Amino acid sequence: MNTNPKIKQNQQLKKKALNLLSKAIAKIIIKFRLPRNEFLTLFDEKLVLEAQRLDPKASHVALAIRTGIDRRYISKHLKGEMPRAKPDKLSVILEDIRWTAHKYYNSSKIPKLGPFKTFQSICEQRAPGSLTYQAILEELIANGNLKDLGDKVEVISIVNTVKKSEEDYSQLTATQIDRTVNTLIHNSDKVDKQHMFIQRTVYSTQINPNKFPKLHCEFEKLIERHYQEVTEKLIEYEDNVEANTYPQYGISFLEYKSEE
C-alpha cells in the first residue's frame, strides 16, 4: 500500500472528480431517458478518437494504454465499426407485445396474465428473473407506452415518449456541457492568463434558501443588461458572411445551485 501523502491526495482528488462526473452523466441519462448501453459504446469510441486526435501518430497499442480499451477494439472504434448496443429489455418487450397483439389478436390489446401470448408470458420470457412483469408494466405505463385496461394492456406507443421539449432540452444540456468542457480543457493547457478563456464563478454559502427566489429575480435583471451588451459586442466584430461560416465563439451565463 502506498503511504505517500501526496500520491494519496492525488488519488482522492481523482476519485472525487470521477464521482462528480459520473453523477452528472447519470442525471442526464435518467432525466432524458437516454440509452445507457449506447452511451457506453459511444463513450469508448470517443475516448479512442480523442486520444488519436491529440496524438495522430500514436500506435494502436499506445491508444489502448491511454484509454484503457482492449487494443483488439481500437481499430474498429477508429473506423466506427463497433456494433452498437443491443436494444434494452423494455424496448424488446414492447416490440414483442405490439407484434403479438397484431399477429394473434388483430388488435393493439393483449391479455395481461396467462402462460401463453400474454403480457406476463412475454415479460417472463424476455426478462427472466431480472424484473417482475408488474414492475415492467408500471415503467411502460409511466413512459406512455402502455395503458392498463384491467385484464388487458393496450399499446399506446412503441417509441420513447419523451416530450419534444425534453428532447430539445437534452440537446441543449449536452451542448452546454460540451462548451463548458471545451473552456476548461483550453484553460488547463494555458500558462499565461491572457490566453485563457473567461472562466469565473461567484457563489456564497451564507444565503438562506428562502431568499433564492428574490435573488434570482435580481440576477435576471443584471444578466439581461449584460446580455444585451455582450450581444452588441459580438455583432460589432462580425464579418459580412453567412451564419455558421465560422466556429461558435461566445459567452454563457449559468445560474446554479448545488445539492449540498
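Buried means under 20% relative accessible area. Every view below comes from a predicted model.

**View 1. The buried residues of helix α3.**
In α3, the buried residues are Ala62, Leu63, Ala64 and Thr67. What covers them includes α2 (36-54) and α4. Just past the end of α3 sits glycine 68, with a positive phi of about 80°.

**View 2. Helix α3 against helix α4.**
Two packed helices are described by the angle between their axes and the distance between the axes. Here the pair is α3 (residues 60-67) and α4 (residues 71-79), with an angle of about 100° and axes 9 Å apart. Angles of 65 to 115 degrees count as roughly perpendicular, so α3 and α4 are roughly perpendicular to each other. From α3, the contact takes His60, Val61, Leu63, Ala64 and Thr67; from α4, it takes Arg71, Ile74, Ser75 and Leu78. By class, the residues of this contact are five nonpolar, three polar and one charged.

**View 3. Helix α2 against helix α4.**
α4 also packs with α2, at an angle of about 90° and with the axes 9 Å apart. That angle makes α2 roughly perpendicular to α4. Which residues meet here? On the α2 side they are Thr41, Asp44, Glu45, Val48, Leu49 and Gln52. On the α4 side they are Ile74, His77 and Leu78. The contact of α2 with α4 has four nonpolar, three polar and two charged residues. Ile74 and Leu78 of α4 meet α2, and both meet α3 too.

**View 4. Alanine 58, ahead of α3.**
Alanine 58 sits in the loop between α2 and α3. Is alanine 58 buried or exposed? Its relative accessibility is 14%, so alanine 58 counts as buried. Setting aside neighbours within four places in sequence, alanine 58 is in contact with Leu63 and Arg66. Asparagine 143 is 85 residues away along the chain, and the C-alpha atoms of the two are separated by 45 Å.

**View 5. One side of helix α7.**
Helix α7 (residues 133-142) has Ile136, Leu137 and Leu140 as its buried residues. Why do they lie on the same side of α7? They cover an arc of only 100° around the axis, which puts them there. A general rule helps here. An α-helix has 3.6 residues a turn, so residues three or four places apart point the same way. The buried residues of α7 pack against α5 (89-105), α6 (119-126), β2 (146-148) and β3 (152-155).

**View 6. The loop after α7.**
Glycine 144 comes just after α7 and takes a positive phi of about 80°. Asparagine 145 is in the loop between α7 and β2. With a relative accessible area of 2%, asparagine 145 is buried. Proline 209 is 64 residues from asparagine 145 in sequence, and their C-alpha atoms are 38 Å apart in space.

**View 7. The largest nonpolar core.**
How many residues does the largest nonpolar core have? It has 15. Those with the most contacts inside it are Ile93, Ile97, Ile110, Phe119, Ile136 and Leu146. Two or more residues each come from α5, α6, α7 and β3. The largest share is four residues, from α5. A second, separate core has eight residues, including Ala62, Leu63, Ile69 and Ile74.

**View 8. Isoleucine 110 and its contacts.**
Isoleucine 110 is among the residues with the most contacts inside the largest nonpolar core. What does isoleucine 110 contact, leaving aside its neighbours within four places in sequence? Its partners include Ile97, Thr100, Ala101 and Tyr105. Others are Lys117, Thr118, Phe119, Ile122, Lys152 and Val153.

**View 9. Two asparagines with positive phi.**
Most residues other than glycine have a negative phi. Asparagine 106 has a positive phi, near 45°. Asparagine 106 is in the loop between α5 and β1 (109-111). At 68% relative accessibility, asparagine 106 counts as exposed. Asparagine 244 also has a positive phi, near 70°. Asparagine 244 lies in the segment after α9 (212-237). Its relative accessible area is 77%, so asparagine 244 is exposed.

Key:
Residues are numbered from 1 along each chain as its sequence is written. This is a predicted model: local features need pLDDT of at least 70, side-chain atom pairs count only at pLDDT 80 or more; totals for chains, interfaces and linings use all residues. Side-chain values use heavy atoms; hydrogens and water are left out. Buried means under 20% relative accessible area, exposed over 50%, partly exposed in between (1.4 Å probe, protein chains only). The arc is that of the directions from the helix axis to the C-beta atoms. Contact means heavy atoms within 4.5 Å. Axes are lines fitted to C-alpha atoms, for helices over the stretch in contact, and angles run from 0 to 180 degrees between N-to-C directions. Angles under 35 degrees count as roughly parallel, over 145 as roughly antiparallel, 65 to 115 as roughly perpendicular and the rest as oblique. Ala, Val, Leu, Ile, Met, Phe, Trp, Tyr, Cys and Pro count as nonpolar, Asp, Glu, Lys and Arg as charged, and the others, Gly among them, as polar. A nonpolar core is a set of buried Ala, Val, Leu, Ile, Met, Phe, Trp, Tyr and Cys residues joined through side-chain atoms within 4.5 Å.
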